[in-house]
Amino acid sequence: MPRLHALPLLLLLALSAAHAEMVVAVRADSEIGPLNKTELTHIFLGRYRQLASGQQAEPLDLPVASPEHAAFYEALLNKTSAEIRAYWARLVFTGRVAPPRTVDNSERLQEQLLANPRALGYLERTKLDRRLRVVFEFGER
Amino acid sequence: MPTRLFPLLLLLLNAAAQADPAIPGELQLNGFGSIGMTRSSNRNAAFVRDLNQPKGTQGQWRSETDSLFGLQASWQISQQLALVAQGISRYHFGNSYAPELMSAFVRYEPRPFGSLRVGRMPTDFYLYSDSRHVGYSYLTVRPSTDFFGVLPFSHLDGADLQLAHPFGNSLLRGKLYWGKLDEDLPLADRRWQLAGSRLAGGNLSLQHGPWTVRLSSTILHFQHNLPIAEVSDALRQLAPGLPAAGETARRLDVAGSNSRFHSLGAVYDEGPLQLQAMLSHASHSTAAFQDWRAAYILAGYRRGNLTPFVGYSWIRSRSRELDTGIPRGISPDLDRLNAGIAGILADSHSEQQTTTLGLRWDLASQFALKIQHDIIRGQPGSLFPYRNENQAWNGRTRVSSIVLDFIF
């Protein structure tokens, strides 16, 4: 009965993916300090991206179809990826502001964070290493 | 006609899916569109999405009312500088889908809290009015016709300046714009030129948590008269002996007149719940248009991929009287002139309310299918929002629509 044994394991994996804890991180020496939920929302929704130094924060997105995208925006705004897409459709087609740059996966995201001290992005806590620093984490859920 | 666009669209969708957005120096191609069928039940007046449309649905299903296609190219030259151009093909003036340039501007963002745009931009009279062609971005099939349909000015050639400043957990944003219109509007089978009309305005919005409140104000100075020269000329010929006729002609002039548009909008957007409420007031110094007030409320609640919504809107305008001074019953020509003027005054009357029920289904990524039913209850004199009314028009109709919105 090996197949039956695999099933609970698969379920467990699926569940852990859905509940993966997302954090927002920057390069360890970034000027970006701890952010609150409002500041983070302003940056990711393109409302206000100025940092204390006067520089512009550069948020990074993962693909709309990725589980991380869904988990991050659900945790931040209780919005689906489709709703986030509709939000950006409004802003992109009025030409007001550019959406966060999308990178292919969390490995590319880490590379980008390490390369750019003004970049910030969301990833699973388990993918952090000492070169990155957390600037926002979602509370107990 | 929109169905012919489909193969092209799928190709573009594929190409766009590969593109990585907003890498400086990279050209991006994006698009949006709606393919739909709409039917208004009353045969005695044509329901249109907005006053750009010369013909509408009068008892038959039509694809023209709510179908459109837009394509945008944007080039982020550097973090501060971007070029954006957008073309739209929609059913409009000239009874055609002739493409029009909706945007072509350079955006300069010297600091993250402000940006300056110069070129052609969509007009921004009310909250959400600059995105009213992008069906995928909102819940309903079309923006409320009572509220947005009577506002047919699409784009301005000029500049706008936007600034943002945070106050604690609130964000205050302001925008100023000025420029000229450059388009034509259909009026019966004639053309009303808007080119050269000057526009200036601004808005202030406050965002706090799920709330956004925006105050908007625009003044529009018209350059050209309505295409009613034969009426104005006849009145001016009578003016030497009949000063009231000359005065009437002057008051019907739109060239040189000012219209003011004010509005207050509030949006509550929290997780699956969306609420919108807006109020507007338009006043016109010319007697050819009636001052109006309009409002709408809209509520939607998402469950999974489905978002049912319900809305209510109304528009009321104040009738104007003009004493032409021309005595009745002297000659058939003069009676016709009086009747023509009464007709012009009556044509800009709006008095109706609309109840809207609908459902948005996000059936696949980048696609949303919407069905909507509008119940319009108005007075027989509510003519302004419609086209091609006849004597039997009673101001009441039901509009059914099914639309597929997409972006890529």
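In what pattern do helices (α) and strands (β) follow one another when chain A is read along the sequence? Chain A follows the pattern α-β-α-β-α-α-β-α-β-β, and there are five helices and five strands in this chain, where helices (H or I, at least four residues) and strands (E, at least two) are DSSP runs numbered from the N terminus. Of the 141 residues in chain A, 52% are buried, that is, under 20% relative accessible area, with exposed meaning over 50% and partly exposed in between (1.4 Å probe, protein chains only).

This is a predicted model, in which local features need pLDDT of at least 70 and side-chain atom pairs count only at pLDDT 80 or more, while totals for chains, interfaces and linings use all residues. Residues are numbered from 1 along each chain as its sequence is written, chains are lettered from A in the order in which they are written, and side-chain values use heavy atoms, without hydrogens and water.

In chain B, Tyr108(B), Leu116(B), Val118(B), Leu161(B), Leu163(B), Leu176(B) and Trp178(B) make a nonpolar surface patch of about 620 Å²; such patches join nonpolar side chains within 5 Å, from residues with over 30% relative accessible area and no salt bridge. Three strands each supply at least two residues of this patch:

| Strand of chain B | Residues |
|---|---|
| β7 | 114–122 |
| β8 | 155–167 |
| β9 | 170–181 |

Val118(B) lies in strand β7, and it counts as partly exposed because its relative accessibility is 43%.

How values were computed
Patch = residues over 30% accessible without salt bridge, like charges linked within 9 Å, V, L, I, M, F, W, Y side chains within 5 Å. Areas by Shrake-Rupley, 256 points an atom, 1.4 Å probe, with all protein chains shown as cover. Salt bridge = Lys/Arg side-chain N within 4 Å of Asp/Glu carboxyl O.
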